[in-house]
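Take a moment with the sequence and the 3D view. Then follow the text from one part to the next.

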Amino acid sequence: MTDGNIKFVQGNEACVEAALYAGLDFFAGYPITPSTEVAEHMSYRLPQIGGKFIQMEDEISSICAIIGASLTGHKVMTATSGPGFSLMQEGLGYAIMAEIPCVIVNVMRGGPSTGLPTAPSQGDVYQARWGAHGDHAIIALTASNHQDVFSITVDAFNMAETYRTPVILLFDEVIGHMRERLTIPEPGEIPVVGRLRTSVKAGIDYHPYLPREDGRLPMSDFGGQHRYNVTGLVHDMWGFPSNNPSVVHGLLRHLVDKIKNNVDTITRYKEYYLEDARTILISYGSSARSALHIVENRRARGERLGLLELQTIWPFPYGLVEEKCEKARHIVVVEMNMGQVLRAVKRAVHHPERVVLANRIDGVFITPTDIKNILRLIQGKGV
Amino acid sequence: MTDHSLLQEEGMYSGHVGCPGCGATVAMKFALRALGEKTMLVIPACCWAIVAGAHPQTSLKVPVLHTAFETAGAAASGLRAALDMQGDTDTTVVAWAGDGGTFDIGFQALSGAVERNEDFIYVCYDNEAYMNTGVQRSSSTPFGARTTTTPGRGWKQTRKKNIVEALAAHRIPYAATASIAYPDDLMRKFRKAAALKGGSRFIHVYATCPTGWRVPSEMCIKTARLAVQTRLFPLYEVEDGHRYTLNLDPDPPKPVRDYMAVQGRFKHLTDADYEQIQEMVDEDWGLLKRKIGAFGNPDAA
């Protein structure tokens, strides 16, 4: 490692550097606070490496441009925030249906609608899960510091390629705009998953939607050796539209199972002092910074407090949360929304009545004091 | 004849939260003077969504529907139709959007609305980039400009979209350009647009952005005037999509370099670039003159 690898950057820039590390060479986007720096930094960095940056006319176009580019064999990303993420939902559903690897960054801000453009929130957890219509599975990841933003962004690209699916990076305004030290890993330090291309030769029938035994679907660069069809309609293994009930059933099952059956592989988390913790904080993104601060302070005083920091939000790691919380007397979910991850945690644990919420929904970053107040209530000390 | 009663009517309070020297606020001040108090504004995401201000610093005396970025044309359509249902035909519905919300993300809603010939005035105050998010290029950004998404040697290499011609191609009753440096002409056009009630009217207002264009705030009006004097931004009107009227012919025109050289966003341009841009401006002007020659308004003064 050289000094040149150490940077003092915004989370948005850390995400860009990680995307380039993961092999991204195509970005299409549209300005929106608090994600704009991702596009700005891409417009500067991509031409340097011979990549392509396009500023589109809106977010609908942005996601559709990266879908097209991904099909031809490039690693692609777009970045946005709440209102833009809403506009992207149809394209997101298309990428799920047509199984196109891509990464969508949503730097969350206060909502709904125009909401609080410059203030933090974690209110898009369920939009990430269910924003696109129809039954589907989705991968959504997050991180609480810039080093983790870097590694989770590389992970996002790796998962997009592995499962041929869009992956959502759910950052928030604090992570996006805060400046922090980042050490860029040497090439090879973090594994990078490349595009899995078919070994089927030109002129031989290639099935773009026929999974291998391990469930992965090798791709063929669109417009290259094989002629095939891509559609948002329900399709068969050739990619041609079908309303044959068994094809419809099989495709939906495949789209959900390829992610559901790999929850353990997809799950990323960090844990602090969970072994003997009586009270467990569960948090993610920037909120986890305040949660960690409290946990470390209380541990120094001998209190049995621990933190489970989720980095994979979807598919929700129900098994992990159940296991880690088994012995806890109290579980406090720390997040900046009205209880979106709280809901999933309650479904995961044996004693949902032990799960409480420490949140802020006023556009102000949740502080250690906010969490402290909830802990006092739990301990019967009043606020 | 000048209508003094209207001129004394200010639609804006003194003071606003725009940047010093903001051309978009000058545009609003004159527009509301011309339109009067029976006006409703539909403002999508843009600088003016902020400038309109939080209570009690709000700068506007008229009602504002602050709508989603891509929806000015659609929201104004609904508002107008519902007012008509209630028998309110006096109120002028004005969509007031920046260039991003007009040329880019809002173009679909705008095109849809004017094809239906919705009865409102659509104003684009054009500061030639996404200024509210920190100066990213739009399809209104001119050839040669540096923005935060066309940085360094990657300055914008494509021409500005000609929005007035695109709107005129919809054959709407009235499409016009206006400049904050020519307030009499600007207010006349707003009054004319209001009088042409019954269909879609579009006014493209050139509005300097000292912050994004990197000019001193006191150069706001002068910069806008230079755009007209160099023929870069011609003042003209198109009625029913084919009757063209040129309002001002700067003859002889100043070289386009006089306008561009005062702005930081063009600082990197070379003599050869300026020559190319001058050719583009001459070509655009020649095209407009041919249209005026062929389709000039015989009734024009």
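What follows walks through an interface, a helix and a single serine.

Keep in mind that this model is predicted.

Start where the two chains meet. Chain A brings 16 residues into contact with 15 residues of chain B. Together the chains bury about 1100 Å². Carbon and sulfur atoms give 58% of that area. On the chain A side, three residues stand out: Tyr30(A), Glu40(A) and Gln55(A) supply 39% of the area that chain A buries against chain B. No other three residues supply more.

Which elements of chain A supply at least two residues each to this side? They are helix H2 (36-48) and strand S3 (52-55). H2(A) gives the largest share, with five residues. Sorted by class, the side of chain A that touches chain B has seven nonpolar, five polar and four charged residues.

Now look at what crosses the interface. The rule finds zero salt bridges between chain A and chain B. Polar contacts do turn up: seven residue pairs, both partners at pLDDT 80 or more.

Next, turn to helix H3 of chain A, residues 59-71. Its 13 residues should span 18 Å at 1.5 Å a residue, because the expected span counts one less than the number of residues. The end C-alpha atoms of H3(A) are 19 Å apart, which agrees.

Is H3(A) mostly covered or mostly open? It is mostly covered, with ten of its 13 residues buried. Among the buried ones are Ile63(A), Ile66(A), Ile67(A) and Leu71(A). Glu59(A), Ser61(A), Ser62(A) and Ser70(A) are buried too. The cover over these buried residues includes three strands of chain A, S2 (24-29), S4 (75-80) and S5 (102-110). It also includes helices H4 (82-87) and H5 (89-97) of chain A.

Both ends of H3(A) deserve a look. At the N-terminal end, Asp58(A) acts as a cap. A side-chain oxygen of Asp58(A) lies 3.2 Å from the backbone nitrogen of Ile60(A). Just after the helix, Gly73(A) takes a positive phi of about 115°.

Finally, move to chain B and find Ser139(B). This residue lies in the loop between strand S4 (121-126) and helix H7 (163-168) of chain B. Why does Ser139(B) count as buried? Its relative accessible area is 13%, and buried means under 20%, so Ser139(B) qualifies. The side chain of Ser139(B) makes a polar contact of 2.4 Å with the side chain of Asp104(B). Leaving out residues up to four places away in sequence, Ser139(B) also touches Phe103(B), Lys156(B), Arg159(B), Lys160(B) and Lys161(B).

Conventions: Residues are numbered from 1 along each chain as its sequence is written. Chains are lettered from A and ligands numbered from 1 in the order in which they are written. This is a predicted model: local features need pLDDT of at least 70, side-chain atom pairs count only at pLDDT 80 or more; totals for chains, interfaces and linings use all residues. Side-chain values use heavy atoms; hydrogens and water are left out. Contact means heavy atoms within 4.5 Å. Buried area is the accessible area (1.4 Å probe) that two parts lose on being put together, summed over both. A salt bridge is a side-chain nitrogen of Lys or Arg within 4 Å of a carboxyl oxygen of Asp or Glu. A polar contact is a pair of N or O atoms within 3.5 Å; within protein, one must be able to donate a hydrogen and the other to accept it, and residues adjacent in sequence count only if both atoms are side-chain atoms. Helices (H or I, at least four residues) and strands (E, at least two) are DSSP runs, numbered from the N terminus. Ala, Val, Leu, Ile, Met, Phe, Trp, Tyr, Cys and Pro count as nonpolar, Asp, Glu, Lys and Arg as charged, and the others, Gly among them, as polar. Buried means under 20% relative accessible area, exposed over 50%, partly exposed in between (1.4 Å probe, protein chains only).
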